[in-house]
Every structure is written in structure tokens, then in C-alpha cells.
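User: I am new to this structure and would love a close look at one part of it. Could you walk me through how a pair of helices packs together, and what lies around them?

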Amino acid sequence: MNDATRGAGDRKGGWQRLTIAVNRWLWRRSNDFAREHGWEIDRSAGGGRRYRDPRFEQRKKEILESPPQDEPISEPPPRKFSPGDGFPRKHPKIPRAHGPIATAGLLWRWRSEITLAGVITLIAWQGPVAALLLAGAVLAGGAIPAVRRAAGRLVTRHRFQGLCLRTSMRTPEGRLPLIVHTQSIPDGTAMLVWCRSGMSPELFEDYIPEIKVACFVKEVTLHRHPRWAHLLTIELRRA
């Protein structure tokens, strides 16, 4: 091993140690809270945490092992969904927001596409050779899994925000929830959503069927942050 290889390995190892230390620092309070209550802590591949109370597993095991009991026959409860009537929500119809703040939010949501369009325009001005090289780079990038995952996260974010515009998943003033971060997970995407004042996690729970259709997924799971009530993680899984 030469000095260059040893130096590259040291830098890589130092970066990994720094990443692990930062991740532990970010989740230290949540982990301490979980340990105090005897919860199990699972770490995902992306550095996130999932907490599970083992008492629920014990209770589930007791229910499955207990002998079946005869229950009185009763009428089935009414379904939440009635064809033609929609879900019995009581969310008011909210008009879309207008003004400079809404325009700034629109530009921010489309920042990636605007930047890409600007780069493509600048390269195309250099001549046909540069345009052909750009087209080849785009085609080559489509074969890279990381690029495809990034494109999938971008499409999911736009589909979710478009659904918020068409429904009442907004503040009374018409402001959209903030998508702080998106991350690829096995078979899907996870979004960290910042609920503005006037919103709640229950609001998103009411629209889970629409979220499935809009984002092309089969399963939608909502996780509340253990400390911050305004933060919500939405996991969208295709299978």
C-alpha cells in the first residue's frame, strides 16, 4: 500500500467516523428517551431510527395464542368509504394562496427543474457538439441507479405537492406543507414534512388513499417525530 492509497483510506475512514458521530448526536435525545422506556431501536440504512415497544409484540403473541372466543353477532360497522359520496371528511375547501410569498414558494418547489433548464440552455448555446454531448450525458445518467432514485424522489415530491394543491392538505391561508427532505428507502421514498401552523398529522391520515394514488404506491405509513410535533415522516412504498 503506497502513501496515496493509505491517505485516501484515512480520509474515507475519517469521513465515516464523522458521519457516525453527527448521526448519533442528532438522535441522542430520542435514543435516550427510548432506552428509558425500554424500547427497541432499529437503525435504517439511511441513518434514521425506528422505535418499537416490545410490549406490543408480547401482547400480539398473547392474542394469537389465546383460544378463540365466541363473539355475539352484530351488524358490521359502516365503512369509511362510500362509493360516490367520498370520505366523510369535514375539511373546508381552501382557495389557493396568491401573492409574492406564494410565487416564491412556487419557484422554490421547481428549483431543481429551473436550474437544470438554465444549465441546458447555456450548454446548448455553445453549439451542436455541446448539445450532442449533453444529450449523451443525460442518456448515460439515466442508466445510473442513483440518478434514477433521485429522479423518482423528485417526481414523488411534485406529485405529493400537487395533491396538496387539489385537496385541503394546506393551511387555512392556502400554504402548502414544507417538504424538508426526501430519502430513498427500500421499495419507495420517505419524506420529512414540516406541518405549518393550522395543520396536523391527522389531516394527512385522512388523505392516505389519495396519497397512494397520486404517488403510485401501495403502502403509506406516517411516523410522528418523538419530540417535535410539527415534524412528520411519510413513507411511500411501492410494494
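Analyst:
**A close look at two packed helices**

The secondary structure of this chain comes to 9 helices and 6 strands, where helices (H or I, at least four residues) and strands (E, at least two) are DSSP runs numbered from the N terminus. Please keep in mind that this is a predicted model, in which local features need pLDDT of at least 70, side-chain atom pairs count only at pLDDT 80 or more, and totals for chains, interfaces and linings use all residues. Residues are numbered from 1 along each chain as its sequence is written, and side-chain values use heavy atoms, with hydrogens and water left out.

Now to the helices. Two packed helices are described by the angle between their axes and the distance between the axes. Helix H5 (residues 111–124) packs with helix H7 (residues 145–166) at an angle of about 130°, and their axes are 11 Å apart. Axes here are lines fitted to C-alpha atoms, for helices over the stretch in contact, and angles run from 0 to 180 degrees between N-to-C directions. H5 and H7 are therefore oblique to each other; angles under 35 degrees count as roughly parallel, over 145 as roughly antiparallel, 65 to 115 as roughly perpendicular and the rest as oblique.

Which residues make the contact? From H5 come Arg111, Ser112 and Glu113, and from H7 come Leu154, Arg157 and His158, with contact meaning heavy atoms within 4.5 Å. The residues of this contact divide into 1 nonpolar, 2 polar and 3 charged. In this grouping Ala, Val, Leu, Ile, Met, Phe, Trp, Tyr, Cys and Pro count as nonpolar, Asp, Glu, Lys and Arg as charged, and the others, Gly among them, as polar.

Arg111 has another partner to look at: Arg111 lies over the face of Trp108, at 4.0 Å from the ring centre. A charge sits over a ring if NZ of Lys or CZ of Arg is within 6 Å of the ring centre and within 35 degrees of the ring normal.

H7 also takes part in an aromatic pair, which links Phe160 in helix H7 to Phe204 in helix H8 (residues 201–206), 44 residues apart. The ring centres of Phe160 and Phe204 are 6.2 Å apart and the planes are at 20°, so the pair is stacked (rings of Phe, Tyr and Trp, its six-membered ring, pair if their centres lie within 6.5 Å; planes under 30 degrees apart count as stacked, over 60 as edge-to-face and the rest as tilted). Phe160 is buried, at a relative accessible area of 0%, and Phe204 is buried, also at 0%; buried means under 20% relative accessible area, exposed over 50%, partly exposed in between (1.4 Å probe, protein chains only).
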